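This report is written for a reader meeting the structure for the first time. It goes through the sheet, the helices that lie on it, the charged pairs and a few single residues in turn.

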Amino acid sequence: MKSKRVVAIIEARVNSKRLVGKVLKKLNGKEIIKIILERLKFSKKIDTKLVATSKSKKDDKLVNLLKGKYSYYRGSEKNVLRRVIEAGEKSNADIIVRLTGDNPLVDPFMIDFMIKYMLRNPKIDYLTNNSFGILKKRQIAFGLDVSIFKLKKLQILEKRVKRLNQKKEFFEFPTLYFYTIGKKFFNIKNIIIPKKFIINMNYRLTLDTKRDYIFFQKLFSNFKKKDFVKNIDVKKILSNNPELSNYNKSIKQYDPNLNFLRNKT
């Protein structure tokens with residue numbers, strides 16, 4: 001049987017809504033997008049990785065940073081779904097690991113755990129660890145989210161989305177359709193994450209505001225300039241420094257407006 005090609009695609013752009021230029025901000029002297037890409041080097045199951053950004057001139061700075069060092073694809077600024085599909089096609093992906101450029105503590109070992117599960121269960125179309133956006137069921141801190149899906153299924157998803165009157169949210173959030181309207185058509189699963197990978201929701205590990213950035217600056221100052229810090233060690237640092245969570249624990253996580261789905265799900 002032909003092995004499946006697994007591609008990590010990191011959605012990133014400079015003109016982010018709440019914290020402009022966040023992917024280019026530095027922690028311990030290194031840009032966040034580079035931190036993410038270099039953490040993914042420790043995955044044994046990802047075949048290749050690339051950044052999916054836009055054709056907007058505002059993203060030239062990001063592309064100039066990546067050029068010659070990291071793979072990237074430039075596509076639609078607003079239609080992220082199409083951008084991810086095109087990036088997957090360009091990289092000959094069978095399976096896509098979807099990540100975003102605002103999560104500098106992406107865990108390559110948890111990703112490998114999830115990829116292994118996906119490969120052992122080929123009937124699954126979409127695998128995630130975020131409890132399908134249901135906050136009460138969520139295991140992990142915001143910032144550790146991973147979605148894995150088959151490129152062919154995403155292409156089918158796009159065809160279904162195009163037939164809808166309301167498309168904006170589905171174009172902006174590529175996996176949203178899977179676990180809302182699409183749960184009727186696709187085999188989806190939320191995976192239970194082993195405790196060793198879990199950093200709980202007392203901490204907010206995603207970068208979306210200035211306070212999040214201050215939190216990460218304080219956190220990374222404990223890393224002693226190591227190139228890679230395992231999340232098990234991050235947990236120890238957070239446990240030993242509980243005051244760190246005060247910097248951004250009151251930030252509300254941004255969610256798409258799902259009111260239009262009430263009569264459809």
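In strand β5, Tyr73 is the bridge partner of Ala52, and this pair is a convenient place to begin reading the model, which is a predicted one. The two strands concerned, β4 (residues 48–54) and β5, run parallel and are joined by 4 bridges.

**The sheet**

These two strands belong to an open sheet of 7 strands, whose order is β5-β4-β1-β6-β8-β7-β9 and whose pairing is mixed. At its edges stand β5 (72–75) and β9 (188–190), each of which pairs on one side only, and from one strand to the next the twist averages 20°. In general, the strands of a sheet pair through backbone hydrogen bonds, and they may do so in a parallel or an antiparallel sense.

Strand β8 has a neighbour on either side in that order, with β6 and β7 flanking it. With strand β6 (residues 95–100), β8 pairs in the antiparallel sense over 4 bridges, and with strand β7 (residues 126–128) the pairing is again antiparallel, over 3 bridges. Ser147 takes part in both pairings, since Arg98 stands opposite Ser147 in β8, while Thr128 has Ser147 as its bridge partner.

In a regular strand the side chains alternate between the two faces of the sheet. In strand β8 (residues 147–150), Ser147 and Phe149 point one way, Ile148 and Lys150 point the other way, and all of them are buried.

**Helices across the sheet**

Helix α3 lies across β1 (6–11), β4, β5, β6 and β8, and its direction makes an angle of about 140° with β5. Helix α4 (residues 108–120) lies across β1, β6, β7, β8 and β9, running at about 30° to β8.

Which residues does Met114 touch, leaving aside those up to four places away in sequence? Met114, which has its place in helix α4, touches Leu127, Thr128, Asn129, Val146, Ile148, Ile191 and Ile193. Met114 counts as buried because its relative accessibility is 0%. Asn129, one of the residues that Met114 touches, is 15 residues away from Met114 in sequence, with 8.5 Å between their C-alpha atoms.

**Salt bridges**

The count of salt bridges in the model comes to 14, and three of the pairs are set out here with the distance between N and O atoms.

| Pair | N to O distance |
|---|---|
| Arg82 and Glu86 | 3.3 Å |
| Arg82 and Glu158 | 2.6 Å |
| Asp212 and Arg204 | 2.8 Å |

Arg82 appears in two of these rows, in salt bridges with Glu86 and with Glu158. The pair of Arg82 and Glu158 links distant parts of the chain, with Arg82 in helix α3 and Glu158 in helix α5 (residues 151–162), 76 residues apart. By contrast, Arg82 and Glu86 both lie in helix α3 (residues 80–90), where they are 4 residues apart, about one turn of the helix. Arg82 counts as partly exposed because its relative accessibility is 24%, whereas Glu158 is buried, with a relative accessible area of 6%.

In the pair of Asp212 and Arg204, the side chains meet in a salt bridge. Asp212 counts as buried, at 0% relative accessibility, and Arg204 is likewise counted as buried, at 6%. Elsewhere, salt bridges that share partners join Lys22, Asp102 and Asp208 into one network.

**A cavity**

The model holds 1 cavity of 30 Å³ or more, and the largest cavity has a volume of about 40 Å³. Its lining is made up of Ile36, Leu99, Thr100, Asn103, Val106, Gly143, Leu144, Asp145 and Val146. Val146 is also among the residues that Met114 touches.

**Two asparagines with positive phi**

Asn28 has a phi near 50°, a positive value in a residue other than glycine, and Asn28 lies in the loop between β2 (26–27) and β3 (30–31). Asn92 likewise has a positive phi, near 55°, and its place is in the loop between α3 and β6.

Are these asparagines exposed or partly exposed? Asn28 is partly exposed because its relative accessible area is 46%, while Asn92, at 57% relative accessibility, counts as exposed; the cut-off that separates the two classes is 50%.

Notes: Residues are numbered from 1 along each chain as its sequence is written. This is a predicted model: local features need pLDDT of at least 70, side-chain atom pairs count only at pLDDT 80 or more; totals for chains, interfaces and linings use all residues. Side-chain values use heavy atoms; hydrogens and water are left out. A salt bridge is a side-chain nitrogen of Lys or Arg within 4 Å of a carboxyl oxygen of Asp or Glu. Buried means under 20% relative accessible area, exposed over 50%, partly exposed in between (1.4 Å probe, protein chains only). Two strands pair if DSSP finds at least two bridges between them. Axes are lines fitted to C-alpha atoms, for helices over the stretch in contact, and angles run from 0 to 180 degrees between N-to-C directions. Contact means heavy atoms within 4.5 Å. On a 1 Å grid over the protein atoms alone, a cavity is a set of points where a 1.4 Å probe fits but cannot get out, and a pocket is an open set with protein on both sides within 12 Å along at least five of seven lines; lining residues have an atom within 4 Å of a point. Grid points are joined across faces, edges and corners, and a volume is the space filled by probe spheres set on the points.
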